Amino acid sequence: MELRWSDDESAFREACRTWLAEHVPTTPLPSGDTAEGFAAHLEWERLLFDARWSVVSWPEEFGGRGASLWEWLIFEEEYYRAGAPQRVTQNGIFLLAPTIFEFGTPEQQARFLPRMAAAQDLWCQGWSEPDAGSDLAGIKSRAVRDDAGGGWRVTGQKTWTTRGAFCTHLFGLFRSDPVAERHRGLSYFMVPLDADGVTVRGFGRLDGDEGFAEVFFDDVFVSDDLVLGEVDQGWGVAMATTSSERGLTLRSPGRFTAAAARLVDLYRRTILDAAERGDWVDPGLRQQVVQAWIDAEAYRLYTLADVTDVVEGRSPGARSSLNKLWWSELDVRLHEAALGLLGPLAELEEGAPDAVDRGAWMKGFQFALSGPIYAGTNEIQRSIVAERVLGLPRK
Ligand SMILES: Cc1cc2nc3c(=O)[nH]c(=O)nc-3n(C[C@H](O)[C@H](O)[C@H](O)COP(=O)(O)OP(=O)(O)OC[C@H]3O[C@@H](n4cnc5c(N)ncnc54)[C@H](O)[C@@H]3O)c2cc1C
């Protein structure tokens, strides 16, 4: 394995770094999970797009730079290193787009990808329902054939839809064959949220942001050209999307190596100062910081192996569940270490005069706690690893 970057890749890194240094907002934007913050993040997304940094690995015709997967990893490292804003377009560009590249018709690709890259169409994902989360195949929202209209009539409810209240489109699974076996008879639809019969109701998260929505469909007409992949074969299409969410694209290592570097910096600012003052310092904190750094680095190295597989035509498949387990649990430990370093100051939120780093560590911790839940809970991922990676018996 060649662990050095080529001259071209280093030049690409330099170009990313320079542009980001000149453009990343010096004051962090408000949370993208609030209406005001989402609007501010959209302006950022459009700036990225205008400079062709919004989807670097996509072909140029869709708004990208045709960058390799290696270069995409480099971009991600630089993006997070620069402390650039969260990607509020992530559900589209990181989850739906790879699925459209794999399953979409040329017409669907031309229609949706450029508008997604430009943050004109904003996508949320509609899997979960009030009675179907982990058991996704248990969804009840249904699609009934409308031959006269040339499409489908969709009825049901989705929930926990991240940023649904701010988005323009939803992708998700609907039951198109009511008598087929659970995993069969599902179709993958892409639905404009301004269609007649759609009601979107936002609701708050435990951290106070308004980032979730419930989406209700009441006999909503969806034309045939909005089905992604084959009718009744949506389960396989949806698994491609979830594999992107758990594996390479949603949570790249750059996010965690940058957070680990900030943690080391926090250690210097807090514990080293305290030690210099002669205060007693818990040696366990140092251990936690070092472990978080090692874990982030391990994820980076593991991802290099993953990318090698993809570049050589091998799909990571169920191994994406290993990624998800690793990054979600690493994120919790990393933030716990930060709260330990801050001690009582950890509880000060943004706006409090003595809040360290604008209260970002507590906010990050609260979000990290949801990591073992979203993208499929970690209990489910462990079962997938047991059965499909290790080949253990189902019971
Ligand atoms: C921050 C966040 C963002 C989200 N965004 C979205 C989104 O944009 N779109 C969307 O559709 N959904 C979204 N979700 C919902 C998420 O996908 C579900 O919460 C998740 O799939 C779990 O489903 P559930 O909440 O119904 O819990 P349940 O499935 O009811 O699970 C409850 C508990 O039981 C455990 N459990 C269930 N079945 C098994 C089993 N077979 N074996 C072992 N343990 C089991 C689970 O691990 C969990 O601990 C989001 C969730 C969060 C926290």
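Biologist: What makes the meeting of the D209 and K363 side chains a salt bridge?

Modeller: In this predicted model, the distance from N to O between D209 and K363 is 3.0 Å. The cut-off is 4 Å between a Lys or Arg side-chain nitrogen and an Asp or Glu carboxyl oxygen. The pair D209 and K363 lies within that limit, so the pair is called a salt bridge.

Biologist: How do you know which domains D209 and K363 belong to?

Modeller: The domain assignment gives domain 1 as 7-88, domain 2 as 123-242 and domain 3 as 247-389. By those bounds, D209 falls in domain 2 and K363 in domain 3. Between domain 2 and domain 3 the count is 2 salt bridges.

Biologist: What makes up the contact between domain 2 and domain 3?

Modeller: Domain 2 gives 4 residues and domain 3 gives 5 residues. On the side of domain 2 there are 3 charged residues, 1 polar residue and no nonpolar residue. The centres of the two domains are 32 Å apart, taken over C-alpha atoms.

Biologist: How much area is buried between domain 2 and domain 3?

Modeller: About 370 Å², with 41% of that area from carbon and sulfur atoms. In domain 2, the residues that lose the most area to domain 3 are S134, R205 and D207, together 76% of what that side buries.

Biologist: Why is the pairing of T377 with the ligand called a polar contact?

Modeller: An N or O atom in the side chain of T377 is 2.7 Å from an oxygen atom of the ligand. The limit for a pair of N or O atoms is 3.5 Å, so this pair qualifies. For E379, a polar side-chain atom also lies 2.7 Å from a ligand oxygen atom. W127 uses a backbone N or O atom, 2.9 Å from an oxygen atom of the ligand.

Biologist: How much of the ligand does the protein cover?

Modeller: The ligand has 970 Å² of accessible area on its own, and the protein covers 63% of it.

Biologist: Which of the 17 residues around the ligand come nearest?

Modeller: They are S134, W160, T162, T377 and E379.

Note on methods:
Residues are numbered from 1 along each chain as its sequence is written. This is a predicted model: local features need pLDDT of at least 70, side-chain atom pairs count only at pLDDT 80 or more; totals for chains, interfaces and linings use all residues. Side-chain values use heavy atoms; hydrogens and water are left out. Domain bounds come from an automatic or database domain assignment. Contact means heavy atoms within 4.5 Å. Buried area is the accessible area (1.4 Å probe) that two parts lose on being put together, summed over both. Ala, Val, Leu, Ile, Met, Phe, Trp, Tyr, Cys and Pro count as nonpolar, Asp, Glu, Lys and Arg as charged, and the others, Gly among them, as polar. A residue is near a molecule or strand if one of its heavy atoms lies within 4 Å of it. A polar contact is a pair of N or O atoms within 3.5 Å; within protein, one must be able to donate a hydrogen and the other to accept it, and residues adjacent in sequence count only if both atoms are side-chain atoms. Accessible areas come from the Shrake-Rupley method with a 1.4 Å probe; for residues, only the protein chains shown count as cover.
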